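Q: I'd like a close look at one part of this model rather than a tour of everything. Could you pick one buried spot, walk me through its surroundings, and then show me how the rest of the chain fits around it?

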Amino acid sequence: MTYDNYILQILADVGERGIGVRLLAKHVYNMSCTLFSQPDLHEVHSYVQSYLLKNSKSPQSLIERTERRGWYRLNTRNNAYARQLRQTFQRPRNVDDDGAEEPQRPSKDLSLSLFD
């Protein structure tokens, strides 16, 4: 995955409240670290910052600024692709691959009894 996909995935996960640039850059950095390569955190931060600035200029952009300074979120009001991304990345936990809801199973009590 590239940094762009990581950014969009994180923005879809945080939802309407948005996320700050610094925290977003840390998440992207952590997602891109592997056993054999570690990117520079400052390079990742500058890339994330430039990507957000570039993709939040117009009202129909994929990303929009929030009311807080330095915070961004997906523009689900004016961009159909952003709405699709939110639906793609956020799946309910009780839905299987066919889209049918799985029934809630009561959790089995696995604790040990003192009197057996």
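**Around Asn75**

A: Let's start with what Asn75 touches: setting aside neighbours within four places in sequence, Asn75 is in contact with Pro59, Gln60, Ser61, Leu62, Ile63, Glu64 and Ala82. Keep in mind that this is a predicted model. Asn75 sits in the loop between β3 and α4. Is Asn75 buried or exposed? With a relative accessibility of 1%, Asn75 counts as buried, since the cut-off for that label is under 20%. The side chain of Asn75 also has a polar partner, reaching the backbone oxygen of Pro59 at 2.7 Å.

Two of those contacts, Ile63 and Glu64, belong to strand β2, which covers 63–65. So let's move on to the sheet.

There are three strands in an open sheet, ordered β1-β3-β2, with antiparallel pairing. Strands β1 (19–20) and β2 are the edges, each pairing on one side only. β2 and β3 (residues 71–74) are held in register by three bridges, in the antiparallel sense. Glu64, one of the contacts of Asn75, has Arg73 in β3 as its bridge partner. Further along, Arg65 stands opposite Tyr72 in β3. Tyr72 has a partner on the β1 side too, as Ile19 stands opposite this residue. The β1 and β3 pairing is antiparallel as well, over two bridges. In general terms, strands of a sheet pair through backbone hydrogen bonds, in either a parallel or an antiparallel way.

The hairpin that joins β2 and β3 has five residues between the strands, and Gly70 there takes a positive phi near 85 degrees. A charge-over-ring arrangement turns up here too: Arg68 lies over the face of Trp71, 3.9 Å from the ring centre.

Now for the nonpolar side of things. Ile63, which Asn75 contacts, is also among the best-connected members of the largest nonpolar core: that core has 23 residues, and Leu24, Val48, Leu52, Ile63 and Leu74 touch the most other members. Two or more residues come from each of α1 (3–14), α2 (21–32), α3 (41–54), β3 and α4 (80–89). Helix α1 gives the most, with seven residues.

Val48 is a handy place to see how that works. Beyond its neighbours within four places in sequence, Val48 is in contact with Ile7, Val21, Leu24, Ala25 and Val28. On the α1 side you also have Leu8, which is found in that helix and counts as buried at 8% relative accessibility. Leu8 and Leu85 are 77 residues apart in sequence, yet their C-alpha atoms are 7.8 Å apart in space.

Helices α1 and α3 are also linked by aromatic rings. How many aromatic pairs are there? The count comes to two. In the pair of Tyr3 and Tyr47, the ring centres are 5.5 Å apart and the planes meet at 55 degrees, so the pair is tilted. Tyr3 is in helix α1 and Tyr47 in helix α3, which puts them 44 residues apart and makes this a link between distant parts of the chain. Tyr47 also pairs with Tyr51, and that pair is stacked, with 6.3 Å from centre to centre and 20 degrees between the planes. Why is the separation of Tyr47 and Tyr51 about one helical turn? Because they are four residues apart in helix α3. Together, Tyr3, Tyr47 and Tyr51 form one aromatic cluster.

The three rings come with these accessibility values: Tyr3 is partly exposed at 24% relative accessible area, Tyr47 is partly exposed at 30%, and Tyr51 is buried at 10%.

Stepping back to the whole chain, you have four helices and three strands, running α-β-α-α-β-β-α from the N terminus. Buried residues make up 32% of the 116 residues. Among contacts with a separation of 6 or more, residues 24 or more positions apart account for 40%.

And back where we began: Asn75 is in the loop between β3 and α4, buried at 1% relative accessibility, with its side chain reaching the backbone oxygen of Pro59.

Key: Residues are numbered from 1 along each chain as its sequence is written. This is a predicted model: local features need pLDDT of at least 70, side-chain atom pairs count only at pLDDT 80 or more; totals for chains, interfaces and linings use all residues. Side-chain values use heavy atoms; hydrogens and water are left out. Two strands pair if DSSP finds at least two bridges between them. A nonpolar core is a set of buried Ala, Val, Leu, Ile, Met, Phe, Trp, Tyr and Cys residues joined through side-chain atoms within 4.5 Å. Buried means under 20% relative accessible area, exposed over 50%, partly exposed in between (1.4 Å probe, protein chains only). Contact means heavy atoms within 4.5 Å. Rings of Phe, Tyr and Trp (its six-membered ring) pair if their centres lie within 6.5 Å; planes under 30 degrees apart count as stacked, over 60 as edge-to-face and the rest as tilted. A charge sits over a ring if NZ of Lys or CZ of Arg is within 6 Å of the ring centre and within 35 degrees of the ring normal. A polar contact is a pair of N or O atoms within 3.5 Å; within protein, one must be able to donate a hydrogen and the other to accept it, and residues adjacent in sequence count only if both atoms are side-chain atoms.
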